[in-house]
Amino acid sequence: MRTRFVMVLMLLAALACRIDISTSYIKEAHITRDPEGTERIGRGYAYGSEDTFHAVIELAQAKGPEEIRIVWSVKEAAGLEPGTVLGEETVEIENGVILFHLAPEHEWALGKYQFDIYLNGDHEKTVEFRVR
């Protein structure tokens, strides 16, 4: 009898708690040559020192608006400290594709760069690329 009572209490407690499990995920993330995101860049491609960086991110299976944050940073570039944040942006989106861009203030230093993607505050993916 006591065991049944404890089980009923546990069941009621579980039902009283609202568990919100998100099924959304980053389906795709890559860099492109153009601001519209139509010219996907292959593995050996590198941006020029005066180019604007373009990122395409696709969110899938969102049940409502989700927060995506992108952080552009230095991985290893001449004269720059690794991990230096170059820019960041946060947007809310439901399912679909979103484009992010980062233009140089002067010129990019030659080297390796990356952008990190955060979905609702959790790190999801890192995409690396080069400037030559």
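**Getting to know this fold**

Q: Which residue stands opposite Lys112 in strand 7?
A: This is a predicted model, where local features need pLDDT of at least 70 and side-chain atom pairs count only at pLDDT 80 or more, while totals for chains, interfaces and linings use all residues. Residues are numbered from 1 along each chain as its sequence is written, and side-chain values use heavy atoms, leaving out hydrogens and water. Opposite Lys112, in strand 7, you'll find Arg130.

Q: How many bridges join strand 6 to strand 7?
A: Strand 7 covers residues 122–131, and strand 6 takes in 111–119. Strands pair if DSSP finds at least two bridges between them. These two strands run antiparallel, and the number of bridges joining them is nine.

Q: Which residue takes a positive phi in the hairpin of strand 6 and strand 7?
A: This hairpin has two residues between its strands. The phi we're after is near 50°, and the residue that takes it is Asn120.

Q: What pattern does the protein follow along the sequence?
A: Start with the inventory: there's one helix, along with seven strands. Both are DSSP runs numbered from the N terminus (helices are H or I, at least four residues; strands are E, at least two). Read along the sequence, that gives α-β-β-β-β-β-β-β.

Q: What is the strand order in the open sheet of three strands?
A: Strands of a sheet pair through backbone hydrogen bonds, either parallel or antiparallel. Here the pairing is antiparallel, and the order is 1-2-5.

Q: Which are the edge strands of that sheet?
A: Look for strands that pair on one side only. In the order 1-2-5, they are strand 1 (25–32) and strand 5 (96–102).

Q: Which residue in strand 5 stands opposite Leu59?
A: Strand 2 covers residues 53–60 and runs antiparallel to strand 5, with seven bridges joining the two. Leu59's opposite number in strand 5 is Gly96.

Q: Is His30 buried or exposed?
A: Find His30 in strand 1. Setting aside residues up to four places away in sequence, His30 touches Arg40, His54, Ala55, Val56 and Phe115, where contact means heavy atoms within 4.5 Å. Buried stands for under 20% relative accessible area, exposed for over 50%, and partly exposed for what's in between (1.4 Å probe, protein chains only). His30 has 12% relative accessibility, so it counts as buried.

Q: What share of the 132 residues is buried?
A: His30 is one buried residue, and Tyr47, at 2% relative accessibility, is another. Across the protein's 132 residues, the buried share is 36%.

Q: What kind of aromatic pair do Tyr45 and Tyr47 form?
A: The structure holds twelve aromatic pairs. Rings of Phe, Tyr and Trp (its six-membered ring) pair if their centres lie within 6.5 Å; planes under 30 degrees apart count as stacked, over 60 as edge-to-face and the rest as tilted. Tyr45 and Tyr47 are 5.7 Å apart centre to centre, with 80° between the planes, and the pair is edge-to-face.

Q: Is Tyr45 buried or partly exposed?
A: Tyr45's partner Tyr47 is buried, at 2%. Tyr45 itself has a relative accessible area of 25%, so it is partly exposed.

Q: How many residues apart in sequence are the parts that Phe53 and Trp108 tie together?
A: The ring centres of Phe53 and Trp108 are 4.2 Å apart with the planes at 10°, so this pair is stacked. Both residues are buried. Because Phe53 lies in strand 2 and Trp108 in the loop between strand 5 and strand 6, the pair ties together parts separated in sequence by 55 residues.

Q: What is the relative accessible area of Ser73?
A: Ser73 belongs to strand 3 (residues 66–77). Beyond residues up to four places away in sequence, Ser73 touches Gly83, Thr84, Val85, Leu86, Tyr113, Gln114 and Asp116. Ser73 is buried because its relative accessible area is 6%.

Q: What C-alpha separation do Ser73 and Glu88 have?
A: Along the chain, these two sit 15 residues apart. Their C-alpha atoms are separated by 8.8 Å.

Q: What is the relative accessibility of Gln114?
A: Gln114 lies in strand 6. Leaving aside neighbours within four places in sequence, its contacts include Val71, Trp72, Ser73, Thr126 and Phe129. Gln114 counts as buried because its relative accessibility is 15%.
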